[in-house]
Each structure stands twice: as structure tokens, then as C-alpha cells.
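Below are some notes on the model you sent round. Please read them alongside the structure.

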Amino acid sequence: MLEADFVIIGSGSAGSAMAYRLSEDGKHSVIVIEFGGSDVGPLIQMPSALSIPLNMSLYDWGFASEPEPHLGGRVLATPRGKVIGGSSSINGMVYVRGHARDFDHWAEQGAAGWGFADVLPYFKRMEDSNGGENGWRGHGGPLSVQRGSRTNPLYGAFVEAGRQAGFELTDDYNGAKQEGFGPMEQTIRGGRRWSAASAYLRPALRRKNVSLIKGFARRVIIENQRATGVEIETRKRIQVIKARREVIVAASSINSPKILMLSGIGPAEHLREYGIPVVADRPGVGRNLQDHMELYIQQESTQPITLNSVLNPFSKALIGAQWLFFKSGLGATNHFEAAAFVRSRAGVDYPDIQYHFIPAAVRYDGKAAAKAHGFQAHVGPMRSKSRGSVTLRSPDPRSKPVIRFNYMSHPDDWTEFRHCVRLTREIFGQPAFDLYRGEELSPGPHVQSDDDLDAFIREHAESAYHPCGTCRIGRADDPMSVVDPECRVIGVEGLRVADSSIFPRVTNGNLNAPSIMTGEKAADHILGRTPLAPSNQEPWINPRWQVSDR
Ligand SMILES: Cc1cc2nc3c(=O)[nH]c(=O)nc-3n(C[C@H](O)[C@H](O)[C@H](O)COP(=O)(O)OP(=O)(O)OC[C@H]3O[C@@H](n4cnc5c(N)ncnc54)[C@H](O)[C@@H]3O)c2cc1C
């Protein structure tokens, strides 16, 4: 019989971290259930190939939003990794912890014990940081973090332009000071993607007490309000994996709420609609869906130094060969090597806009590159007030859920995005870019009025692929909480959720780091360990925040 102390659904960012920590002392057995397959091969391992796996049904679940009413009915792709390592195996490898205030906000929302002081020791425990601020970073942890070589002069021009526009500089946005322009960090090691599978899962699987089962989790088995196992489908057979102690759902912000609902945990009325017996009426399951959106602002480069000259098949083959033999060259980076976190206006106390900068003009998913040489900023607001939901489409576990983001449904989204475009123009207009600046390629110089900008946003804003929040952590007496601060599903014994779905609010940056941190911290709760001692380090807050945006 297939049975373990802990059964984890999903080997993604959080699931892999938990498999590693729960099995570390050798006292407990762990089974990880994962529907996706191997991550071997250059499409996943070569960092610069990042736009390929997210378009492949072999590696991606293939989810999409419903037509988005505020985006002219556009359907947006919602990629989620379906491979060992989960989304950390198909993501952009950008490494951002999030701002200290994000976690303090979580704690204020009822996630007691998840304030910055509490989570900072977990970020340090997970990291093996190369570069970064002394005393603020972790060393010797499983997750390698590095900076790119920044040899292309456009990276330096971007940072210098930020300084010329009067913004702060920061040498480590994952240290005390997130605010400012500076180098971007990457989860890459030795020229290869350093996913949660590389950092955590593979080392865990070398232990005798951990095993990986390839299968599709259909639902959690719950008897007398206690989770006792997971029903899976594997090679057309349905079987049950038994959990002696606990089942932990770590199937992502899209699949975790779906699995809970199929198991009878969710809004009672919605479950009854599909004939699912209600185990726990938790109206918060699938609610609170949020994401980051971004625009690609593209400028022509007058100098032929951008990556647009190597997007042809011949150059790509050369880059691939160099990477294959030496793990070096343009294949060994994700090309996101400069970044900025800035505040949109006076009165905002910590950054609410993120920039990724690349010396190329190309869509993130690789589907359209500019004809000319160009460079581009990915820019977007970080704390949208729009909220959406994940609901069931049918009681059949194989059917994809209904995903409604309600992107841009709050009026502030529009003001914030217009500001993002105008601010980017101001930065690209600084003297640092004089040597390189050609025509604006996108949105294009004709797009100036609020109405023009709104039309551009409606047509071109894209997901930054950070959905979260659908099994929110909170106080046990809050009806909209799904899990308590120890990640226990409220109303059911022996069942936890720990992944990006538990975030009360999206963090200020990309979500791999906080998802892994969630797995790290949840593991301590599951084992009943005393959490790591809180830190007394204080983040840098701009002393001018009340009077200036810079
Ligand atoms: C294209 C893309 C680019 C991104 N870029 C970045 C970036 O550059 N930097 C960054 O920090 N973040 C980035 N992110 C976001 C980040 O990677 C995710 O937020 C994070 O990995 C989520 O972790 P998770 O543990 O919640 O879920 P996941 O990592 O998605 O793990 C869930 C796992 O559960 C498995 N699973 C789900 N359902 C079942 C089932 N029924 N049965 C069996 N297995 C199941 C999945 O296959 C998957 O392996 C990106 C995401 C995407 C998709």
C-alpha cells in the first residue's frame, strides 16, 4: 500500500521546499504527488529559453482566464508549471523576496507570525546568495541566487537614467532597501536554471524517506472531518495514497482551491451546485484571486547592441551550442539583469511599481519581437485592488477551472498604469539613454492622452504570471480565511495548504521567493517546531515618502 506520514500534492516552489524540510531529520516519510514529468533538457535548464516551456502543453497546464470584461473581452493566458519544480521550472528566474511591509500587511490581515520579522529568517535559511548586502542575505541554503554579468551597456544606462531622474539607487533590493534602481537577481547556478526541483526536490529524493509519485490528484479523502489520503489517477487507474499524519496541498493558486472544492471544502452553495458533499463551508476558497499586470514599453536602439540581432535561428543555435558545451554565454542568463522598485507618488510609503529591464524589444512569451534593435522595460503597478476568483467548471476533476481575474476592474488601476507609461518615458528620456535612444516603438509617440493610453492598456496589458491569494491565510474566526496561520485548513483535521494560494495579498515583486519561503515556514509548523527566532532588522523607508515620489 502506498502510504507515508506526509503526502504533499505538487512538487512546485512550495511543495519541493516542504519535501526537503519534512524529510530532513529522517524521522518521517514523505510522498510527493506530481502530475508533470521530467525537467531534463535545455528548454527548461537553459535560462535564456525561458519563453519556450510556458507555451508547451508538456510543461504547462494550459489555463486561461475567462474573457476579461475590462480588457475588451480579451482572454489572457495563465501559465502554471506542470513539471517537477512546478512554476519555478517554467518561470523567468527573477528573484525578489518582496518588501518588508508586504509581510507586515499579511500579519495585520490576520496572518499572525508572518510579519517581516518572522519571515526574514526563513528567506535567509533558504538562500545561497552570491552578492547582496552583508547581514541581510542567506548563505549555504539550497536556493542559489546570483546577479547577471551586466555586460550590455544598456543595463547601466537604465540604472543611471533612474538616478538622473532623481530616484534612489539600491545595490540589493533583497536587502534593507528595496526602493531604487539597481541589479536584478536570478535563480541560476552554474549557467543553469536553479528551480525548486534542483534546489530542494532532487536532494530530498536522494533520501530513503522521500518518494515521488507521478499522478493526477483528484481530491483529498476526508473521513470524519479528517484528511486521510489523496485519490489519484495514474495510468488510467484510480488509487489512494494514504497519509498517516497529514495531507498538504501545494498545487498552486489555481489548482489548490480547485482540489479543495472537489474535496468538499469551499463555498457550500457552489459545491452543492455540482453535487459535491460539503465537508467544510469555506466561502473564501477560490476568492481573493489577484495578480500583477505589466506593459512592455519598447524603445528603438540606435546602436546595434541589443539582443534583437540574436533572435534569428542561426544565432540561437550558436548560443545553444555554447550553453550546451560550456554553460556560458547568452544562453546562461534570463537577460533580466537590471531592475527598479519605485513609488508612484508622494504619500505611498514603499514601492508600488516594479521594473524589469532587458536589452531587447520582445514579448515575454517570445511571440513577437520588434523588427528593429530595441530595449524594453516591463512595468506595472504592484498593489492592484482588483480581485477575482477560481471556481469549478464541473465536478469532473479533469476539467479546467473557471478563472476570472477582473483585471483593471478598479478605477485606480487605470491611473496607476497611465503613470507607469509616462514614468517610463521620463526614464528613457534621461541623458543616460542619449547614446542609444531611437523612436519609441511601443506604445508609440502618438499615444499621449489618457484615452489613448487607456486604449493601449486595454489592448496590451499582460499578466506578469503572479496569480495568488485563493486559499487565504487568516484568523480562524474570519469566515473568508481558508487556512489558519499554521496553514491548517479551517474545519478539517490533518490537512494544510501551503503555496502561493495562501498569500493574503500579492507581494511587491515576483512570487517564486515568497512561495518557497511559505514552504520553508509551513514545514516548521507541520513538524511542530518552534519557528525561527524573529529578526530585529529594520527595512529602509524613504525619509521623503510623504512629500515626494523619489
Ligand atoms: C511563465 C511564468 C513566469 C514567471 N516568472 C517568475 C519569475 O521570473 N520570478 C518569480 O519569482 N516568479 C515567477 N513566476 C511565478 C512563480 O514561479 C510562481 O508564483 C511560483 O512558482 C508558485 O509556486 P507554487 O508553489 O504556489 O505553485 P507551483 O510552483 O505552480 O507548483 C504547483 C505544482 O503542483 C502540481 N499540481 C497541480 N495540480 C496537481 C494535481 N491535481 N495533481 C498532481 N500535481 C498537481 C503542478 O504540476 C506543480 O508542479 C512566474 C510564473 C510563470 C508561470
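The points below take the domains, then the interface, then the ligand site.

1. Status and numbering. The model is predicted, not experimental. Residue numbers start from 1 along each chain as its sequence is written.

2. Domain division. The protein chain is split into two domains, each made of several segments. Domain 1 comprises 1–47 + 80–97 + 187–286 + 388–398 + 467–534, and domain 2 comprises 149–183 + 293–381 + 408–460. The bounds come from an automatic or database domain assignment. Between the C-alpha centres of domain 1 and domain 2 the distance is 33 Å. Domain 1 puts 19 residues into the contact and domain 2 puts in 18 residues.

3. Buried area. Domain 1 and domain 2 bury about 1,500 Å² between them; carbon and sulfur atoms account for 51% of this area. On the domain 1 side, 34% of the area buried against domain 2 comes from Met-46, Val-94 and Asn-508, more than from any other three residues.

4. Polar terms at the interface. What is the count of residue pairs in polar contact between domain 1 and domain 2? There are 10 such pairs, with both residues at pLDDT 80 or more. The rule for salt bridges finds zero across this interface. The side of domain 1 that touches domain 2 consists of eight nonpolar, eight polar and three charged residues.

5. Ligand surroundings. There are 40 residues around the ligand. Those that come nearest are Ser-13, Glu-34, Ser-87, Ser-500 and Asn-512.

6. Ligand polar contacts. Two backbone contacts and one side-chain contact deserve a check by eye. An oxygen atom of the ligand lies 2.8 Å from a backbone N or O atom of Asn-512, and for Ala-14 a backbone N or O atom is 3.0 Å from a ligand oxygen atom. The side chain of Asn-255 has an N or O atom 3.1 Å from a nitrogen atom of the ligand. As for cover, the ligand taken alone exposes 1,000 Å², and the protein buries 99% of that.

Notes:
Predicted model: local features only at pLDDT ≥ 70, side-chain atom pairs only at ≥ 80, totals over all residues. Heavy atoms only, no water. Contact = heavy atoms within 4.5 Å. Buried area = accessible area lost by both parts, 1.4 Å probe. Salt bridge = Lys/Arg side-chain N within 4 Å of Asp/Glu carboxyl O. Polar contact = N/O pair within 3.5 Å; in protein donor to acceptor, adjacent residues only side chain to side chain. Nonpolar A, V, L, I, M, F, W, Y, C, P; charged D, E, K, R; others polar. Near = heavy atom within 4 Å. Areas by Shrake-Rupley, 256 points an atom, 1.4 Å probe, with all protein chains shown as cover.
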